[in-house]
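Subject: Structure handover

Hi,

Here is the structure I promised to pass on. Have a look at it first, and then read on for what turned up.

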Amino acid sequence: MHAAVFYGVGDLRYEQVPVPAVEAEEVLVQVRACGLCQSDIKKLRYPLLDPPRIFGHETSGTIVRVGAAVTDWQPGDRVVVMHHIPCFHCPYCLNENYSMCRVYKEVTTTAGFIPSGGGFAEYVKVPGHIVRSGGLIAIPEGVSFEEASFVEPTNCCLKAIKKAQVQPGQTILITGAGPIGLMFAMLCRHFGARPIVTDLLPSRIERAKNLGAAAALDAAAADLAQQVRALTGGLGVDTALLAVPSTRAFDQALALTRKGGRILFFAEFPEAVQIPLDPNVLYRQEIDLMGSYSSSYKVQSLAAQIVFERLIDVSALISDFYPLAELAAAVEQALHPAPETCKILIRP
């Protein structure tokens with residue numbers, strides 16, 4: 001089979017690799033669509049993980065082989081592949097911190113080499129733990145593979161919204177109108193909140209308006225604070241979701257969040273970045289700072305329902321399709337987006 005193999009920063013090779021062998025409790029899936037995520041781009045652009053690896057984790061496809069001990073799935077089944085599933089019994093899992101679980105972090109789907117997701121290949125192997133523990137989700141008839149590939153990122157966004165306790169009637173500031181920021185906006189709207197989205201690109205600001213943001217504003221506007229205050233009766237937003245790794249965005253969020261509000265970090269910042277913070281601002285204004293990383297098994301069924309029932313319009317986020325052989329070009333486009341660039345999908 002063919003795969004896009006990471007051999008180091010700047011060294012991504014489209015080459016033939018063996019089709020993964022399937023053991024008794026495992027399943028082999030033919031990849032039909034895989035989303036290009038910012039976390040994939042980070043791993044491809046920075047020396048964070050030892051090569052060789054095959055990345056890609058927003059995966060949907062068709063089961064083509066099942067191990068002898070697999071009884072719930074059969075060849076031909078269309079599935080979303082969740083690349084991480086927790087152990088459910090460690091201290092982190094018992095506190096529902098599933099993404100901190102060692103099994104969650106270390107056991108993943110693979111197309112070969114060091115297991116790393118494997119969606120950027122023609123076939124991906126699903127380990128027995130993930131097969132047994134609900135890591136395969138059946139795609140209903142009428143739902144495309146492309147739509148289904150959004151279940152994993154929807155899960156991640158949904159986890160963050162639940163953690164931030166977004167409620168109907170609240171006003172939510174979303175910094176960044178890329179695919180994640182726009183998913184946040186659609187989900188907030190779905191749950192009855194009022195999303196205010198900020199971005200630097202006019203095309204993304206316009207897209208946010210079209211996808212239902214209560215307001216979409218220029219993040220560089222000199223009067224941004226006044227605009228947000230006007231939209232919130234002078235109070236400020238109830239919660240800010242940081243969908244871009246920007247210190248300026250954090251400063252804006254801190255200034256625009258009401259007393260007693262919340263700020264959630266969703267985007268991962270570069271390792272060297274530090275943010276100076278006056279702790280008295282948090283103390284006197286009772287601002288809660290929190291982070292949300294990756295997905296949660298607890299919201300997996302709800303994420304699938306939201307995508308499959310088209311409760312948010314994930315198809316509206318798709319701007320480009322690339323064949324697997326051109327993954328490097330897709331990464332370059334994501335790093336240097338055209339005005340219309342949004343979510344990029346890879347189709348082997």
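The side chain of Gln-333 makes a polar contact of 2.3 Å with that of Tyr-322. Bear in mind that this is a predicted model. A second polar contact, at 2.9 Å, links the Gln-333 side chain to the side chain of Asp-320. The residue belongs to helix H13, which covers residues 327-335. Is Gln-333 buried or exposed? Its relative accessibility is 15%, and because the cut-off for buried is under 20%, Gln-333 counts as buried. Setting aside residues up to four places away in sequence, Gln-333 touches Asp-320, Tyr-322, Thr-341 and Ile-344.

Next, the sheet. There is an open sheet of 6 strands with parallel pairing, and the order runs S10-S9-S8-S11-S12-S13. The edges are taken by S10 (215-218) and S13 (288-291); each has a single partner strand, so one side of each has no neighbour in the sheet. From one strand to the next, the twist averages 20°.

Within that sheet, S11 (residues 237-242) and S12 (residues 257-265) run parallel and are joined by 5 bridges. If you want one pair to look at, take Thr-239, whose bridge partner in S12 is Arg-262.

Now for the helices that go with the sheet. H10 (residues 247-256) packs on it, touching S8, S11, S12 and S13, and its direction makes about 155° with that of S12. Helix H7 (residues 179-190) lies across S8 (171-175), S9 (194-199) and S11, and runs at about 170° to S8.

Which residues of H10 are buried? They are Ala-249, Phe-250, Gln-252, Ala-253, Leu-254 and Leu-256. The cover over these buried residues includes strands S8, S11, S12 and S13, along with helices H9 (224-231) and H11 (279-285). At the start of H10, a side-chain oxygen of Ser-246 comes to within 3.3 Å of the backbone nitrogen of Arg-248.

Another residue to click on is Ile-306, in helix H12 (residues 300-308). Ile-306 has a relative accessible area of 0%, so it is buried. What does Ile-306 contact, leaving aside neighbours within four places in sequence? The answer is Thr-154, Leu-158, Leu-187, His-190, Phe-191, Leu-311 and Ile-312. Ile-306 and Asn-155 are 151 residues apart in sequence, and their C-alpha atoms are 9.5 Å apart in space.

Asn-155 turns up again in the empty space. The structure has 1 cavity of 30 Å³ or more, and the largest cavity has a volume of about 40 Å³. Asn-155 is part of the lining of the largest cavity, together with Met-82, His-84, Ile-85, Pro-86, Tyr-104, Ser-295, Ser-296, Tyr-297 and Gln-300.

Finally, the second largest pocket, which holds about 290 Å³ of space. It is lined by 16 residues, and those nearest its centre are Glu-96, Asn-97, Lys-159, Lys-163 and Ser-296. Which helix gives the most to the lining of this second largest pocket? That is H6 (residues 151-163), with 3 residues. Ser-296 is worth a second click: it is listed in the lining of the largest cavity and also among the residues nearest the centre of the second largest pocket.

That's everything from me.

Cheers

Note on methods. Residues are numbered from 1 along each chain as its sequence is written. This is a predicted model: local features need pLDDT of at least 70, side-chain atom pairs count only at pLDDT 80 or more; totals for chains, interfaces and linings use all residues. Side-chain values use heavy atoms; hydrogens and water are left out. Helices (H or I, at least four residues) and strands (E, at least two) are DSSP runs, numbered from the N terminus. Buried means under 20% relative accessible area, exposed over 50%, partly exposed in between (1.4 Å probe, protein chains only). A polar contact is a pair of N or O atoms within 3.5 Å; within protein, one must be able to donate a hydrogen and the other to accept it, and residues adjacent in sequence count only if both atoms are side-chain atoms. Contact means heavy atoms within 4.5 Å. Two strands pair if DSSP finds at least two bridges between them. Axes are lines fitted to C-alpha atoms, for helices over the stretch in contact, and angles run from 0 to 180 degrees between N-to-C directions. On a 1 Å grid over the protein atoms alone, a cavity is a set of points where a 1.4 Å probe fits but cannot get out, and a pocket is an open set with protein on both sides within 12 Å along at least five of seven lines; lining residues have an atom within 4 Å of a point. Grid points are joined across faces, edges and corners, and a volume is the space filled by probe spheres set on the points.
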